[in-house]
Amino acid sequence: MSAAEAVRFRLNGQPVSAPCEASRILLDLLREDLHLTGTKRGCDLGTCGCCTVLIDGRPTLSCLTLARLADGREVTTIEGATPRQGLSRLQRAFVEHGATQCGFCTPGFVLTATALLAERPHPTRDEIERAISGNLCRCTGYLKIVEAIEAAARGGD
Amino acid sequence: MASPTAGPYRLLGARVPYVEGPLKVTGRAEYTDDLRRPGQLVGRLLRSPWPHARLVSIDVAAARAIPGVHAVLTGEKYPIPFGVLPITHDETAIAVERSRYIGDIIAAVAADDERTAEAALAAVRCEVEPLPEYADPQTGLARVAAPIHARGLNGSNIQKEVVQHFGDVDAALATAAKTVRVRGTFAGVTHAFTEPLATIAEATPDGRLTVWSATQVPHYLHRALSEVLGIPMHRIRVIKPEVGGGFGGKSDPLPHEIVCAALAIETGRPVKILVDREDVFYTNHGRHPTQNDVRIATDADGRILAYDIDAVIDGGAWSSFGTVTTYYNGVLSMGPYRVPNFRYRGRRVYTTKPPSGAMRAHGGTNIRYSVEVALDRLAEELGLDPFELRARNALPPNSTTVNDFEITSTSFLKCLAAARERSGWDRKFRRLPYGRGVGLGCGFYISGSNSPIHFTPKMPQSTVHLKVDMDGGIAVHSMQADIGQGSNTLLAMIVAEVLGVALDRVHVQRVDSDVSPIDLGSYSSRVTFMMGNAARSAALDLRAQVVRGAAELLGAPPEQLEVVFERIQRKDDPHRGVPFLDALHRAMEGTGALTATGSYQTRPKGGSFKGARAGTAPAYSFAAYVAEVTVDAETGEYAVDKIWAAFDCGRPLNRLAVEGQIEGSIHMGLGQLMGETMSYRGSRLLNPSLLEYKIPAPQQMPEVEVLLVGDDDPEGPFGAKEAGEGPLVATLPAVANALYDAIGCRFTELPITPDRVVRALDLRGKEGRPWKGA
């Protein structure tokens, strides 16, 4: 691909085609070019998980991913993981269990947990803790996040 | 969504999910970096690579000449010093003549895009003359060759020295049955909030400046912008978008905020500055690296006779909150105990390192650790149970400390009883097998600083405005700053509770200095107490107006009416009533929208000696935590299995939020205890990333049992006190004392890493001190 060639992928169920330099980072493409600001920039180094998106259903750190690697694939951001009206069961559980405080890490946690529950509908506590260990939260101490994911797996409270 | 309450209120006391939760779980909450202004430029900061240097010359001509560069600023343009405390203005927006730490801002650019901005920074040429590096605060205690600031005490790097003596400590020590001494060493730690620092500024042709910033204290930022830029406050508008955590790290007005505004003025264009994660670490303002030396003396029955404390506190390059920190390291050591004789010397020393400042449980954490470890030793040496020793020394309600703190409500004894019973202490203490143990740590914290930081003390600490129009939606304005702790939710709950209306009628508005009345923001655990009282007062005013409308409709005097859910009715005949909306519409006849104001002002407190106001508060929180640990004596690794957290926050108003504060505080306290370290070689920070500065993982969190046992505080709103910072302090000593119970080793240097545990076990082996059969 040449410098200004477009990257083409499915984003939240819709085809997109965006001009994209070879060095463009997926997080920048999403936030700066496509104005999808639900994906958060916490460190630019892959250390915090705030920029997590799903690529073909797998949690991926968009700050460490070249946008062109998404070519031909399915990218889901928090905007795509949200129903048109209301909240998903997982999102509702996060709200009801107080799993958000400042909320900056929350979209990343919701996407990580979405992928976990798709693969393991009834995860153990240990599996939940391992799944979220790449997402940092400084507010909650993680306890209410784990509770929310457990509740969503049970079918919501 | 709210669960039913056990108490007398409909909403208050329940578990109420945060009102902005749905926006946060969908990515729709707007943080500063999510905002974008038309024509916005990228602002970038050039940071000093020198620990301490005289700036001989800075040549920015080449940088300015790059196409796409709109402004390059150096320090001399805005040299007016600022700082969060009016008495210690020693920061500048950009370094003037001298750079004081690696990370100090020495130039700033605004450009069309990031690459151009980076190219401009690379084109700046600096000529400097190195000055001596002062990394260790001990070297700054005496006169030095090149003091970091001219205001250092007698040519030293001492920024603040506090000397206090109440009673007669020497006489008490002479008669004491038992004295123990703990010398604690504490590495610096930092907030590690997830949202990096970010600011947008825009100067418009009408002569106004608007600043959006990730700040905990919009009002102090407002003041600092005005002072440094020379623009009257009424021409500056400060907006606080959603803030992704603060923990004290967004409470100072920070240099990048002022630089961003300066660049916007220079260019006439909106400018955004994102401080990248590495530079967030250099901006720091985290907990001070500290050495303290604590002696506690008791009589033969374990009654405390005296504290004798010395602390040396590493302030880094600026003052920040440091004068307060220096007082707090002494005065916050006493409660929850009666201490009849008290002597303290604290010295905060400038160093050529990133500035230290306020971090959750500011000034109370490190000294609390040493005190509680000392009390654990005293209990052992006196043959007393640690709970018994604490109980014998508990301050009673409505008492005064030796330094004139008024203790009004305290449920500390109830905290002790709950933690002891629920943890099974009597079955476990010194009875668990080798490698397992339980420990007790207690705490005490201010529920809001009684004195505002600024010098207009006759203004209330908090003001809340309400407006309701015919739609029946209640708009709430206040400059209180929700940074994730749930203060917007509590504000809405209080208004809805008092008015008797559904929670979804109440809309807390974004903080905007043009329309939000002043509240001093999120620091010193002041919001629930102060904003809560202001909100209650405003809501009572509005309720009276609506009740007058109902009185007219019902033909009964207001005092014969009562407010129930969405309805106002006669007390003597509840069938005769009107819906809230009908009463509201009647009350609006001839006046239009109803408005109400409420405020809260602290009463003067404290003695008349120098520094008497430091640590005074309208109320105090209390804590007693038991931690249970398991230690692997081979590797030195340990797990905190469970913490029983008994806490007195008065009446908990939102149990979900109080639990969240306690669990988050425990996580942060465990981070400092188990591993977090701002690691330095000389003045150079070695780990400015979240990979190398590791906060505890989910697997390291213990089970937490929250025990809320407080009685109503007489002055707190609906009886409430703080729960934001006090829950942190008891965590660290509870775990350290549990480690002692498990393996017989004391730790006086934090963090307690596995290698330190192994070394301590080796030492115990060499000393030939067996412990629980090992």
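Trainee: How do you know that strands β27 and β28 of chain B pair?

Mentor: Let's count bridges in this predicted model. Pairing needs at least two bridges between the strands. Strand β27(B), residues 620–631, and strand β28(B) share 10 bridges, so they count as a pair. Their sense is antiparallel. For one example, find Ala623(B), whose bridge partner in β28(B) is Phe647(B).

Trainee: What lies between β27(B) and β28(B) in their hairpin?

Mentor: There are 6 residues between the two strands. In that turn, Gly636(B) has a positive phi of about 80°.

Trainee: Which strand runs parallel to β28(B)?

Mentor: That is β31(B), residues 703–708, joined to β28(B) by 6 bridges. Set that against the cut-off of at least two, and β28(B) and β31(B) also count as a pair. Look for Ala645(B), which stands opposite Val706(B) in β31(B).

Trainee: Why is β28(B) called mostly covered?

Mentor: A residue is buried if 20 or more other C-beta atoms lie within 10 Å of its own. In β28(B), which covers residues 638–648, 8 of the 11 residues are buried, so the strand is described as mostly covered.

Trainee: Let's try the burial test on one residue. Is Cys48(A) buried or exposed?

Mentor: Cys48(A) has 30 C-beta neighbours inside 10 Å. The cut-off is 20 or more, so Cys48(A) counts as buried. This cysteine is found in the loop between α1 (26–33) and β3 of chain A.

Trainee: What is Cys48(A) in contact with, leaving aside its neighbours within four places in sequence?

Mentor: In chain A, the partners are Gly42(A), Cys43(A) and Leu136(A). Thr194(B) and Leu690(B) are partners in chain B. To be in contact, two residues need C-beta atoms within 7 Å. As for Asn12(A), it is 36 residues from Cys48(A) in sequence and 23 Å away in space, C-alpha to C-alpha.

Trainee: How many residues does the contact between the chains take from each?

Mentor: Chain B gives 44 residues and chain A gives 40. On the chain B side, α1 (21–25) and α16 (655–674) each supply at least two residues. The most comes from α16(B), with 7 residues. By class, the chain B side divides into 22 nonpolar, 13 polar and 9 charged residues.

Trainee: Back to chain A. How many helices and strands does chain A have?

Mentor: Chain A has 5 helices and 5 strands. From the N terminus on, they run β-β-α-β-β-β-α-α-α-α.

Trainee: What makes chain A as compact as a globular protein of its length?

Mentor: Compare two values. The globule rule gives 15 Å for 157 residues, and the radius of gyration of chain A is 16 Å, which is close, so chain A is as compact as a globular protein of that length. Along its principal axes, the C-alpha trace spans about 50 × 30 × 25 Å. Of the residues of chain A, 54% count as buried.

Trainee: Which domains is chain A divided into?

Mentor: Domain 1 covers 6–76 and domain 2 covers 89–154. Their centres, taken over C-alpha atoms, are separated by 21 Å. The contact between them takes 14 residues from domain 1 and 12 residues from domain 2. On the domain 1 side, β3 (52–55) and β4 (58–61) of chain A each supply at least two residues. The largest share of that side, 3 residues, comes from β3(A).

Trainee: One last sheet, β23-β24-β25 in chain B. Why do β23 and β25 of chain B stand at the edges?

Mentor: Count partner strands. β23(B), residues 561–564, and β25(B), residues 577–579, each have a single partner strand, so one side of each is left without a neighbour in the sheet. The twist averages 20° from one strand to the next.

Trainee: How do you know that β24(B) and β25(B) are joined?

Mentor: They share 3 bridges and run antiparallel. The cut-off is at least two, so β24(B) and β25(B) pair. Within this pair, Arg567(B) has Pro579(B) as its bridge partner. Helix α15(B), residues 580–588, packs on the sheet and touches β24 and β25 of chain B.

Conventions
Residues numbered from 1 in each chain as written. Chains lettered and ligands numbered in written order. Predicted model: local features only at pLDDT ≥ 70, side-chain atom pairs only at ≥ 80, totals over all residues. Domains from an automatic or database assignment. Helix = DSSP H or I, 4+ residues; strand = E, 2+ residues; numbered from the N terminus. Buried ≥ 20, exposed ≤ 12 C-beta atoms within 10 Å, placed from the backbone. Nonpolar A, V, L, I, M, F, W, Y, C, P; charged D, E, K, R; others polar. Rg over C-alpha atoms; globule rule 2.2 N^0.38 Å. Axes fitted to C-alpha atoms, helices over the stretch in contact; angles between N-to-C directions.
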